[in-house]
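Let's take a walk through this one together. Have the sequence and the coordinates open, and we'll stop at a few spots along the way.

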Amino acid sequence: MTLSRIAREVKTSATLAITAKAKQLAAKGIDIIGFGAGEPDFDTPENIKNAAIKAIKDGYTKYTPTAGAPALKESICEKLLKDNNLKYKPSQIIVSAGAKQAILNIVLVVCDTGDEAIIPSPYWVSYPEMVVMAGAKPVFIETTDKENFKITKESLAKALTPRTKLLFMNSPNNPTGMVYTEKEIREIVGFAVEKGLYVISDEIYEKVLYDGVKHFSPAIINDECYKKVITVNGFSKVYSMTGWRLGYAAGYEEIIKAATNIQDHTTSGANSITQLAGVEAIKGNQDSVAKMVSEFDRRRKYAVEKLNRIKDVSCLLPHGAFYAFPKVSGLYKRKISGQTVTNSFDLVNLLLEKAHVAFVPGAPFGADEYIRISYATSMANIEKGLDRFEKFLAG
Ligand SMILES: *Cc1c(COP(=O)(O)O)cnc(C)c1O
């Protein structure tokens with residue numbers, strides 16, 4: 001069989017593969033503690049669910065305009081002005097089936113065959129594959145815990161070539177939980193745009209912040225940034241709406257128009273019912289967000305402290321999202337339970353099979369010295385799972 005270039009080049013999601021294996025073991029009756037979740041463990045708030053039920057009852061069940069229901073686009077404009085000080089007209093918004101589709105649309109609009117897109121590493125697993133789909137080339141800037149997983153203007157300058165077209169920014173970050181300061185974003189994105197790059201600012205964890213750190217949207221830096229930065233956000237993480245599939249991109253009208261043309265011929269846009277639920281998510285009571293974040297905060301502190309007490313494991317305190325990204329390469333080459341572990345896949349597989357805890361290996365995020373732990377699971381699970389991890393390593 002000779003399949004297409006995309007079929008040959010796009011890789012399966014390694015994070016989903018490990019989740020599938022954990023599910024298999026659980027189905028056999030083994031008690032597995034999972035730290036793999038890429039989604040909040042909270043239910044979608046009641047007022048949002050009710051808005052969807054009302055939308056169905058009111059017959060809001062037909063195609064919406066491709067770029068989104070007018071009421072939702074207006075709410076998004078209000079939100080961007082209120083939270084991010086960004087002035088957009090509804091014609092500058094495209095609503096998609098998740099932030100994931102919004103990002104792919106923009107990558108397809110910006111990147112040509114042979115172009116290069118810069119992806120700070122560790123990165124969200126889908127960025128490189130989207131760049132490959134567009135026929136462009138992912139270029140990585142490696143960072144480690146020593147630099148707090150942050151790129152700088154200098155490291156960006158070194159990665160530039162005449163083919164560089166796009167820079168991905170993701171703060172708060174998945175998988176590291178790192179949050180850039182306003183000053184750092186001004187410097188990095190200001191420089192990228194000066195060099196003629198487009199920038200996708202993936203702000204999906206915008207409201208999942210701790211320790212009083214502030215979120216900053218780079219499109220606001222100056223007029224040129226307003227033209228070249230595409231702000232991406234969504235409802236999945238902040239409102240526990242992963243299954244609803246709702247996200248959006250905001251940017252210069254020409255870019256959004258082109259993205260809409262692409263979406264015209266792929267999904268025709270997001271689900272109509274979900275979109276009205278999205279209006280309620282933005283306009284309704286926000287207490288559920290604060291409650292969720294404060295619970296994440298409690299778990300975060302416990303998990304990171306516990307991880308740092310484990311020999312040969314070290315973990316930065318993340319300031320955003322719901323992941324910790326401990327460095328575990330100190331365990332590589334050491335014999336654990338009679339086996340030598342040499343990389344993050346080995347370690348995660350061993351921990352799953354022998355200790356019955358499921359982490360996500362760092363390798364698919366571009367960082368083999370680390371593993372990702374999601375604390376979007378109960379405190380009881382975190383205590384039990386990390387205990388198992390510690391005891392297993394102690395032998
Ligand atoms: C979850 C996630 C997304 C995509 O979310 P959607 O469910 O498609 O809205 C995008 N970027 C990052 C960094 C994520 O973690």
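Start with the cysteines: the structure holds 0 disulfides. Keep in mind that this is a predicted model. Why is cysteine 77 not in a bond? The closest cysteine sulfur to that of cysteine 77 belongs to cysteine 225, and at 20 Å it is too far away for a bond. A disulfide would need the two sulfur atoms within 2.5 Å. Cysteine 225 isn't in a disulfide either, since its nearest cysteine sulfur, that of cysteine 111, sits 18 Å away. As for the surroundings, cysteine 77 is buried, at 10% relative accessible area, and cysteine 225 is buried too, at 0%.

Now look at helix H4, which runs over 70–84. Lysine 79 has its place in this helix. Is that lysine buried or exposed? With a relative accessible area of 9%, lysine 79 is buried, given that the cut-off for buried is under 20%. Setting aside neighbours within four places in sequence, lysine 79 touches Asn84, Glu206, Asn233, Tyr248 and Ile282.

Follow the chain out of helix H4 and you get to the loop that leads to strand S2 (93–96), where asparagine 85 is found. Asparagine 85 is worth a stop for its backbone: phi is near 60 degrees, a positive value in a residue that isn't glycine. For background, most residues other than glycine have a negative phi. Asparagine 85 is exposed, with 54% relative accessible area.

There's another positive phi to look at. Phenylalanine 149 also has phi near 60 degrees, and again the residue is not a glycine. You'll find phenylalanine 149 in the loop between strand S4 (137–142) and helix H7 (153–159). Here the setting is a buried one, because phenylalanine 149 has just 5% relative accessibility.

While we're on the backbone, let's check the peptide bonds. As a rule, most peptide bonds are trans. Between serine 121 and proline 122, though, the bond is cis, with omega about 0 degrees. Proline 122 lies in the loop that links strand S3 (116–121) to helix H6 (126–133). Another cis bond joins asparagine 174 to proline 175, and there omega is near 25 degrees. That proline, number 175, is in the loop between strand S5 (164–170) and helix H8 (182–194).

Asparagine 174 also takes us to the ligand, as one of the residues that surround it. Which others are in that shell? They are Gly98, Ala99, Lys100, Trp124, Asn170, Asp202, Ile204, Tyr205, Ser236, Lys237 and Arg245. Sorted by class, the shell comes out at 4 nonpolar, 4 polar and 4 charged residues.

Zoom in on the ligand's oxygen atoms and you can pick out some polar contacts. A polar backbone atom of alanine 99 is 2.6 Å from a ligand oxygen. Tyrosine 205 brings in its side chain, with an N or O atom 2.7 Å from an oxygen of the ligand. Arginine 245 uses its side chain as well, placing a polar atom 2.7 Å from a ligand oxygen. How much of the ligand's accessible area does the protein cover? On its own the ligand has 390 Å² of accessible area, and the protein covers 94% of that.

Terms used. Residues are numbered from 1 along each chain as its sequence is written. This is a predicted model: local features need pLDDT of at least 70, side-chain atom pairs count only at pLDDT 80 or more; totals for chains, interfaces and linings use all residues. Side-chain values use heavy atoms; hydrogens and water are left out. Helices (H or I, at least four residues) and strands (E, at least two) are DSSP runs, numbered from the N terminus. Buried means under 20% relative accessible area, exposed over 50%, partly exposed in between (1.4 Å probe, protein chains only). A residue is near a molecule or strand if one of its heavy atoms lies within 4 Å of it. A polar contact is a pair of N or O atoms within 3.5 Å; within protein, one must be able to donate a hydrogen and the other to accept it, and residues adjacent in sequence count only if both atoms are side-chain atoms. Accessible areas come from the Shrake-Rupley method with a 1.4 Å probe; for residues, only the protein chains shown count as cover. Ala, Val, Leu, Ile, Met, Phe, Trp, Tyr, Cys and Pro count as nonpolar, Asp, Glu, Lys and Arg as charged, and the others, Gly among them, as polar. Contact means heavy atoms within 4.5 Å.
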